[in-house]
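Biologist: Could you walk me through this one slowly? I would like to look at the side chains and then at the empty spaces.
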Amino acid sequence: MRRPLLFGGGCVVFFTAALLFAATADRWFEDVTKNAGVAFPHTNRSFENKYAHIMEGYTALGAAAAVADYNGDGFDDVFVTDSKDGGKNRLYRNNGDFSFTDVAEQAGVADGNDANNASAYALWFDMNNNGRPDLFVVRFGQNLLYENLGNGRFRDITAKAGLTRYMNAISAIAFDYDRDGRLDLFVGSYFQPVNLFNPDTPRFFPESFETANNGGGLTVFRNNGDGTFTDATKKAGFELAGWTLDIGHADADNDGDEDLYLAADFGTDRFFINNGDGTFTDITETAIGIDSKKGMNVDWGDFDGDGLLDIYVTNITDDYMREGNFLWRNNGPDDKGLLSFNDVSRETGTFNTGWGWAGKFLDYDNDGLLDIYVVNGWVSASEESYVPDIFEMVTRPGIDFADARNWPPMGKKSLSGYQKKRMFHNEGNGGFRDHAARHGIDSTRDGRGIAVADFDNDGRLDMFVTNANAEPYLYRNTIPLGTSRNWVQFHLEGTKSNRQAVGAQIRVRAGGRQQLSFVNGGNGFASQSMQRVHFGLGTAAQLESVEVRWPSGARQTFPNLPVNRIHKIVEGGNPLAFDAKAQK
């Protein structure tokens, strides 16, 4: 009479196994880091000065990734930074089979970390419009600019370009702000330009948590078109001294030029409208409001499909500080032409991601709706918390926050550590739901950057995720393709516009729905995604129309383009099949 019990137990085992299989089959990302050959850890910078015991916790940054097809073979490659003294940066050449080879030494771009400099970020941009992406390495200390020679090698042209200034930079983007056909550089600096490795003053920390104005600010380098750059910061309308963490550009009001959002730690974020004459106006107060926002990340995307680009900014949400992320919904210009945004992060469910860093828009399941992936976590160490030490400092009367000696050493304590990452799936009803655990992308490493790219040109967006003081993750997208997962990508090339077509907008209409995206010049904290523009199309089997709005002001419209392929469009020409080995 025990048979029913045994039968029941067998059912339980079978049912459990079935559930495990279903859960695995339902995962749409595969961790291929080791098999792909990119499992080399980032290492934080250690200091040897008298403030080292304080600084090391606050500079747990520099794990960044930047994507571009540097050798023109049709497959996106990845440059990844390290930060330790003597640590090597890596240039992973894409072999076309989802494996990568580090060629940084041969290419001449491995070095960048020494006693006076620590790599913090990297940016690919075609500074001379020759079709080859050049490499800008952003550092605490002095930045580096490498010219792409087109033979697999690069040469250091920093001094020739006029970019040797000591900046303590942490972010950079490139776009043509004055529409002269050349990409200009916008560089965000965290610390003021003191020698962090051997400071001659202890007063180089933020002077307040709310209004800190003793940081590095923003610098604008105008491209002169002859391989040199000129500081045009004041002329362009930027005089800032905030603690910049990230900067992001997009045409917020659809007037044909690029506007700018600046995320500042220890103080208010800033929004600047492009006046169309090479200058910007600070409209923060009317656009987003002035507040202590402590922004970490800036990414742009039309998440609600209304033809206006919205902004996602990460922030801190923890037991001791619940400022939260911002999902700035673009209201567009009002009847007086004034642009404004509303924060809808709480209503949409995207407010709380812990101590957030990079947050990127992407349509990972090709359903035609933009999702958001966020990495988080500041310092994961021992079980002992650093929070009580901070509270003791901030409640001390008359404390001079700018003096590094007054900040408690972090030691081996944790601060907002071991936090799970979030993949906010766009539910299509104005809300998002976290699917990170379902897809196995909810790691608790201290995340920093998210580089989104289609590394194998199969129409599914993959992700290269960097982690401070740890190995990265390379997640391969394995979502089943079919009639409900159609897609299209566009590789744009400017002629009158800058050759990379940064700033070009694309509007596609398919299945009765219109989508908007654009070519961005490096938006997102510690990470640059691919230049190709990707659209998920769901069940739509045909593109009814495609409109390209070029930075030059030219517009082109193409009807009835096929789906599930990469189209190359040269400004003024017709779409062609993208020239990549995977497209044979």
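Biologist: To start, does F186 count as buried or exposed?
Modeller: Keeping in mind that this is a predicted model, F186 counts as buried, because its relative accessibility is 0%, and buried means under 20%.

Biologist: And which ring does F186 pair with?
Modeller: F186 pairs with F175, and the pair is stacked because the ring centres are 4.4 Å apart and the planes stand at 15°, where under 30 degrees counts as stacked. F175 belongs to strand β10 and F186 to strand β11, with their positions 11 residues apart in the chain. F175 is buried too, with a relative accessible area of 0%.

Biologist: How many aromatic pairs are there by this rule?
Modeller: The count comes to 44 aromatic pairs, and one of them, F209 with F266, is edge-to-face, with 5.7 Å from centre to centre and 65° between the planes.

Biologist: Changing topic, which charged residue lies over the face of F40?
Modeller: That is R90, at 3.9 Å from the ring centre, and in a similar way the charged end of R438 sits over the ring of W28, 4.4 Å from its centre.

Biologist: What about cavities, how many of 30 Å³ or more are there?
Modeller: There are three, and the largest has a volume of about 100 Å³. Its lining has 16 residues, and F40 is among those closest to the centre, together with P41, H42, V80 and T81.

Biologist: And what is the volume of the largest pocket?
Modeller: It is about 670 Å³, and the 28 residues lining the largest pocket divide into eight nonpolar, 11 polar and nine charged.

Notes
Residues are numbered from 1 along each chain as its sequence is written. This is a predicted model: local features need pLDDT of at least 70, side-chain atom pairs count only at pLDDT 80 or more; totals for chains, interfaces and linings use all residues. Side-chain values use heavy atoms; hydrogens and water are left out. On a 1 Å grid over the protein atoms alone, a cavity is a set of points where a 1.4 Å probe fits but cannot get out, and a pocket is an open set with protein on both sides within 12 Å along at least five of seven lines; lining residues have an atom within 4 Å of a point. Grid points are joined across faces, edges and corners, and a volume is the space filled by probe spheres set on the points. Ala, Val, Leu, Ile, Met, Phe, Trp, Tyr, Cys and Pro count as nonpolar, Asp, Glu, Lys and Arg as charged, and the others, Gly among them, as polar. Rings of Phe, Tyr and Trp (its six-membered ring) pair if their centres lie within 6.5 Å; planes under 30 degrees apart count as stacked, over 60 as edge-to-face and the rest as tilted. Helices (H or I, at least four residues) and strands (E, at least two) are DSSP runs, numbered from the N terminus. Buried means under 20% relative accessible area, exposed over 50%, partly exposed in between (1.4 Å probe, protein chains only). A charge sits over a ring if NZ of Lys or CZ of Arg is within 6 Å of the ring centre and within 35 degrees of the ring normal.
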